[in-house]
Amino acid sequence: MPTLYRLLIGYVSLILILAAGGGASAGPLDAPGAAKALACSACHGFAGASPSDTMPILAGMSPAYFKKAIQDYAGGKRLSPEMEPYSKMVLQFGLDDIAAYFASQKRQPTPIMLDPGAIARGKVASVQCVICHGVDGKGDPTRAIVIPDLTSQPPGYLRSQMLQFKAGGRSSGDESLKALKALMREIPDETFADLAAYYSSLR
Amino acid sequence: MMTLSRREFLRASGTGAGLGLLATAGITACAAPMKGDIMPKMGRRVVVIGGGWGGATAAKYVRLADPSIEVILLEPNKEFVSCPFSNLVLSGLMSIDSMTFGYDGLRRHGVKVLHEMATAIEPDARRVRVGEGYLQYDRLIVSPGVDFLWEQVDGLSAARDSVLHAWKAGPQTVQLAGQLHAMADGGVFVLTVPPVAYRCPPGPYERVCQVAWYLKTNKPRAKILVLDANKNIVSKTGLFQAAWKAYPNIEYRPASRVEKIDSRAREVTTEIGDKVKYDVINLIPPQRAGTIAVQADLVGADKRWCEVNHLTYESVKHKGIHVIGDSTTGLPVPKSGNIANAMGKICAVAVVHLLNGKEVPPMAPGNTCYSWVSDREAIAVVNAYKIENGKVVQIEQKLTPGASAAVAQNSIGWRTSIWNDILG
Amino acid sequence: MLERRKFLAGALAAGLWPILLPRPAAGQAGAEATHRIEIDLPVLAEDPAAVPLQVSVEHPMEPEHFIRSLDVSLETDPVPHKGKFLFTPANGRAWVVFQFRSGIGGTVKVVGECTRHGRFTATREVRVTDGGCSTTPDRTARERLGNPLIRLPRSLRPGDMVEVRTKVDHNSYTGLAFRGGKFVREQPEFYVRQMLVFLDDQKISEFQMTSAVSPNPVIRFALKAPARGTLRVSFTNSEGRRWETTQVIRPAAS
């Protein structure tokens, strides 16, 4: 299992680096936001490295996008029975610290296997997405409409969000998403799986 | 990040070597009983009793927070079998293997996993007895789950081998599934729900859904009769009531605590005198904290559950000993796997801060709880908490609007992630 | 009376059936009457909708001198009054077990009334914890209503003190909801408001209940066994609907 072996080497190296750094408590839980983000790892993985196909990877997420998502969940604009209470916990314990914590974690790609055929088809379909999400898929969090980085995210998550945009279920009434939703309505449902695979494959 | 793969677990758990580059010298159960100090303590050490959703998480997270602290985990079972999702083994939708994992992930974090039972705690000497030997600790985390109050149902103690609870996932789950699958079409499956508090409030009702779905699909003339000691469905009440409308084979009797069982006559008697005959019985007995917590006098005046500090989970009765998971009481949280996992992390970080002389950061757990109401749909309840005046207080509780395949999909993501969080 | 330890442990102790209650202490009928109320509550109640309670008074129950009632309340609850149980000498003992709702626990107060000596009081604290995922039931569910039951030993010796258990399937709604920091009425109450117990034509007990008595109540009280007769229990709810059941008491085989 080469991938696993690579991961293992990376993990061992990380531990050795941390150990070599000296100090009795140089660990991955020392950052100010780390303790506050403990509740998140049950669904989003340790340090935001989500191992599932359903929940997004928070590691390496832009703070601006993270904060917007949390505020939209807490306000009931972005609908999720799971995320609404948890987003209120994030606001309670410190949005800035938690956002900074996840932003500082290195994004590892999703472990979900991708279909090369879907990736190829998705690349073709992605020409209409480039204008906002960029050729590299990394978006632009500095813009007012906070375009997220789609790369390395689990394909199941990307696909479910695309379907929600198309159905109008995500942040209804949000003006900044109007153009996106209009675009989504033009795309057939089957294509979303391909787009998801493509963006998931980008690094 | 080490991704958990099931195949990797099962492969690694057998040999114990394999990928264990960070595994410390394996402490295997010796043939002869260990006496005296089993492993003399060199530096700072945390001992964890119980390798379930709380204990395994706590052990791993102490290592993550401070690798200079030695962690020894005492867990008699060589494999971790997940109770969440085990109800789907009864309906045949999942295999027990698919939710069975070894402990090598913890060993890779440097946790020393000892497959032994802690027999007693000596708080003054700061040590845990293991058989004839003992282990010293600086801090102790006790996560012993639940044990059963057999004597509260007349006739149950004597019939324990044949009357199954399947409330600790593993061989009993498989056995109960076998009994259900072998039951005649037209038979009666009786499930009894104990009075609160017990492990996993919605668990019995999810089990009812899975059994009812299985019977509806495979044995259309059979039925499931639910004898609930409580006044009403304890958790996600409206959602379960709605889901049960799809199963005319369910008969639900609340306020019907089972007082007596005659396993030879295959009959149970309720507190009001109803006599109910069964073909298959799933009797979930009343519960209390795991036995070690009772022996060590960590339980309160009710002798059932342990009261703890809401920030550190330190026992209010014995300093230096922390209790997490189902065994605790006093926090307005359910006895769920998600809560045990959350408590494990928060307690681990708190213990590390205490050992390093630092102030403990205030943190509250969160609860996410999914129940599968059929072969493809699930419901959920989510609770968020905060810390107020040193106590855990609920911010909000949210229910899914109904049952859906999307929620079921989310639960699959949840289990992948949390199993990895505990053992990966 | 159930041993206190048995009652407390598990809060719904498993008694062995049939229960023959111990006779009052020798010489009590004529001995000084105590007005001490024994209140048994769990240290920590796990279900706020069903806090189990046992109250009793060691006291004669003679025609000229008996405990007329025991009245239970918890002042700080949104529905403070839980219920009032009225006894007659036919009960043989002033003893009752039932379950009530409490928001957050507090001081349970029981007021007893003696026909000769008037009122007397006792209190006891109870803590209530909420498991966190209990949710409100479907308020439109009115399917299971009724099905009253009596449980009694099959044959009794006259003069035996026995435990009677009764139950009726019925929801219990206070109709209150917690909004903006206080309880407001959202719906009318819906609950069983009265239980009457008759031995042949004589009313021997009455239990006046409120919406703070738990849904599907299981009520236990004492009966001094007659030689023969018919026990009739009648439940009436807040809408005036009534359910009845009877149990014939047969003489014991000699």
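**Helix packing and interfaces in a predicted model**

Q: Why is the crossing of helix 9 and helix 10 of chain B called left-handed?
A: Helix 9 of chain B passes helix 10 of chain B in a left-handed crossing, a term used because the near helix is turned anticlockwise from the far one by less than a right angle (clockwise would be right-handed). The contact is made by N338(B), N341(B) and K345(B) of helix 9, and by W414(B), I418(B), D421(B) and I422(B) of helix 10, of chain B; contact means heavy atoms within 4.5 Å. Helix 9 spans residues 337–355 and helix 10 residues 405–423 of chain B, packed at an angle of about 35° with axes 11 Å apart (lines fitted to C-alpha atoms over the stretch in contact, angles from 0 to 180 degrees between N-to-C directions).

Q: How should the model be read?
A: The model is predicted: local features need pLDDT of at least 70, side-chain atom pairs count only at pLDDT 80 or more, and totals for chains, interfaces and linings use all residues. Residues are numbered from 1 along each chain as its sequence is written, chains are lettered from A and ligands numbered from 1 in the order in which they are written, and side-chain values use heavy atoms, without hydrogens and water.

Q: What makes E307(B) and R127(C) a salt bridge?
A: Their closest N and O atoms are 3.1 Å apart, and the rule asks for a side-chain nitrogen of Lys or Arg within 4 Å of a carboxyl oxygen of Asp or Glu; therefore the pair qualifies. Between chain C and chain B the count is three salt bridges.

Q: Which elements of chain C supply at least two residues each to the side that touches chain B?
A: Strand 10 (146–151) and strand 12 (161–169) of chain C each do so. Strand 12 of chain C gives the largest share, three residues.

Q: How many residues does each chain bring to the contact of chain C with chain B?
A: Chain C gives 36 residues and chain B gives 46. The area buried between these chains is about 3100 Å², of which carbon and sulfur atoms give 51%; this is accessible area (1.4 Å probe) lost on putting the two parts together, summed over both.

Q: What makes the peptide bond from V196(B) to A197(B) notable?
A: This bond is cis, with omega near 5°, whereas most peptide bonds are trans. A197(B) lies in the loop between strand 12 (188–193) and helix 6 (203–218) of chain B.

Terms used:
Helix = DSSP H or I, 4+ residues; strand = E, 2+ residues; numbered from the N terminus.
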